Amino acid sequence: MAIKPGLGRKTSNKNPPILSHEFVIQNHADIISCVAMVFVVGLMNESTASFASAFISLHHNVSGEEATREQPYGKPYTYVAGIKDYCAIFFYTLTCIIMHAIIQEFVLDKISKKLHLSKFKLARFNESGQLVAFYLLSFIWGAQVAMREGYLGQVAQLWEGYPLHPMSFLHKFYFIIQLAYYLHMLPELYFQKIRAKEEQQPKIVHSICGFTLIVLAYTLSFQRLALVLLTLHYFSELLVHIFQLIGVFDREERFARARIVNNVVFVLVRFATSVIGVLTLYYGIGGAGGSYKLRALIVLVGLIALQGYLVFSFITEQLRAKREAKREAKLLAASTKKATKAPNKDKPKRKKESDLPEADQTSPSPVKQKLK
């Protein structure tokens with residue numbers, strides 16, 4: 001019985017050999033779904049439930065009680081970072097790979113087939129489509145947690161009581177999904193058949209840097225600050241990739257002027273990130289003194305350096321885009337001039353030919369003379 005290609009890959013007439021590279025790539029979502037189901041089924045057996053729960057459930061809770069008769073609603077659980085979180089990150093990395101394949105197969109591929117895009121625009125469409133889904137979910141999730149915990153109304157909560165900052169369930173689960181998503185980008189390079197170094201390098205840098213920065217903030221008890229800053233950052237990145245998707249559809253560039261909104265939001269987000277970082281790390285944690293002042297100052301320097309790098313990259317990209325626009329305008333003007341001069345070149349040639357002496361002019365062929 002032939003094995004059908006799984007999610008995330010286009011079907012082909014030939015069935016690749018089992019356990020070959022092409023077989024794994026075509027069926028990677030189905031294979032990983034089976035691996036994830038092993039952990040889910042493990043919860044149903046008492047002998048393996050404790051092992052499987054380490055990968056699926058959240059651990060390291062410091063407070064909370066289950067519902068009883070005296071307290072029908074119980075008390076909400078709060079959590080801190082711990083070593084078992086990396087087991088959960090592994091399991092939800094598998095989940096992110098499955099969701100990536102579902103979005104690619106049932107949303108992006110169906111839209112791209114109707115658009116008939118070029119290879120470059122198709123790659124940009126798939127990348128921006130995946131990131132728009134992730135950034136939109138992360139922004140809504142982060143904003144909801146920040147409003148529920150009161151981080152926006154009472155900014156002092158970002159540093160009060162540091163480092164004893166226990167997290168609610170949604171707050172901790174938010175960071176688990178963030179780390180899992182950035183980690184899943186690495187195997188996706190293999191599943192998406194991205195072999196060119198020019199395409200691999202930015203994706204690898206994006207994955208490793210995002211994972212490293214969030215891990216540092218998560219383990220050093222800066223979860224509240226990281227939640228607010230990531231929510232702001234994702235809002236800016238969401239607009240960037242929305243305008244990239246618009247650029248794929250907008251062939252006449254009717255919405256080119258609207259991109260100034262993206263530029264303004266980017267600058268405002270970088271400014272707001274720097275201000276919140278200084279308030280929290282320098283005046284909040286650093287101003288209180290204690291043994292955590294040096295840690296806060298080091299993190300502040302790293303945060304300001306990161307914002308400076310992002311602004312520098314933004315300015316460089318804007319200048320490059322302007323140079324390319326000027327170059328294209330010059331090429332277009334030169335091509336229009338050549339097109340207007342082309343029909344006028346035949347007239348002087350004819351005049352010069354008529355001005356020649358009668359002996360030098362081209363005489364008609366003898367066949368034409370006989371016909372006359």
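Helix axes are lines fitted to C-alpha atoms, over the stretch in contact, and the angles between them run from 0 to 180 degrees between N-to-C directions. With that in mind, this briefing on a predicted model begins with helix H4 (residues 85-115) and helix H6 (residues 169-191), which pack at an angle of about 55° with their axes 7 Å apart. It then turns to an aromatic pair and to two single residues, Thr-93 and Val-301.

**How H4 and H6 pack**

- Two packed helices are described by the angle between their axes together with the distance between those axes.
- Angles of 65 to 115 degrees count as roughly perpendicular and those under 35 degrees as roughly parallel, and at about 55° the helices H4 and H6 are therefore oblique to each other.
- The crossing in which H4 passes H6 is right-handed.
- On the H4 side, the contact is made by Asp-85, Ala-88, Ile-89, Tyr-92, Thr-93, Cys-96, Ile-97 and His-100.
- On the H6 side, the residues that make the contact include Lys-172, Phe-173, Ile-176, Ile-177, Ala-180, Leu-183, His-184 and Phe-191.
- Taken by residue class, the contact of H4 with H6 divides into 14 nonpolar, 3 polar and 3 charged residues.

**Thr-93 within the contact**

- Thr-93 is found in helix H4, and it is one of the residues through which H4 makes its contact with H6.
- Once its neighbours within four places in sequence are left aside, Thr-93 is in contact with Ala-180, Leu-183 and His-184, three residues that belong to the H6 side of the helix contact.
- The relative accessible area of Thr-93 is 7%, which is under the 20% limit, so Thr-93 counts as buried.

**An aromatic pair between H6 and H7**

- A search of the whole structure finds 25 aromatic pairs, and among them is the pair of Phe-175 and Tyr-218, whose ring centres are 5.5 Å apart.
- The ring planes of Phe-175 and Tyr-218 stand at 35°, so the pair is tilted.
- This pair links distant parts of the chain, since Phe-175 lies in helix H6 and Tyr-218 in helix H7 (residues 197-219), with their positions 43 residues apart in the numbering.
- Both partners are buried: Phe-175 has a relative accessible area of 0%, and Tyr-218 has one of 3%.

**Val-301 in H10**

- Val-301 lies in helix H10 (residues 293-341), and at 59% relative accessibility Val-301 counts as exposed.
- Val-301 and Gly-277 are 24 residues apart in sequence, while their C-alpha atoms are 9.6 Å apart in space.

Definitions and conventions
Residues numbered from 1 in each chain as written. Predicted model: local features only at pLDDT ≥ 70, side-chain atom pairs only at ≥ 80, totals over all residues. Heavy atoms only, no water. Helix = DSSP H or I, 4+ residues; strand = E, 2+ residues; numbered from the N terminus. Parallel < 35°, antiparallel > 145°, perpendicular 65-115°, else oblique. Left-handed = near helix turned anticlockwise from the far one by under 90°. Contact = heavy atoms within 4.5 Å. Nonpolar A, V, L, I, M, F, W, Y, C, P; charged D, E, K, R; others polar. Phe/Tyr/Trp six-rings, centres within 6.5 Å; stacked < 30°, edge-to-face > 60°. Buried < 20%, exposed > 50% of the residue type's maximum accessible area, 1.4 Å probe, protein only.
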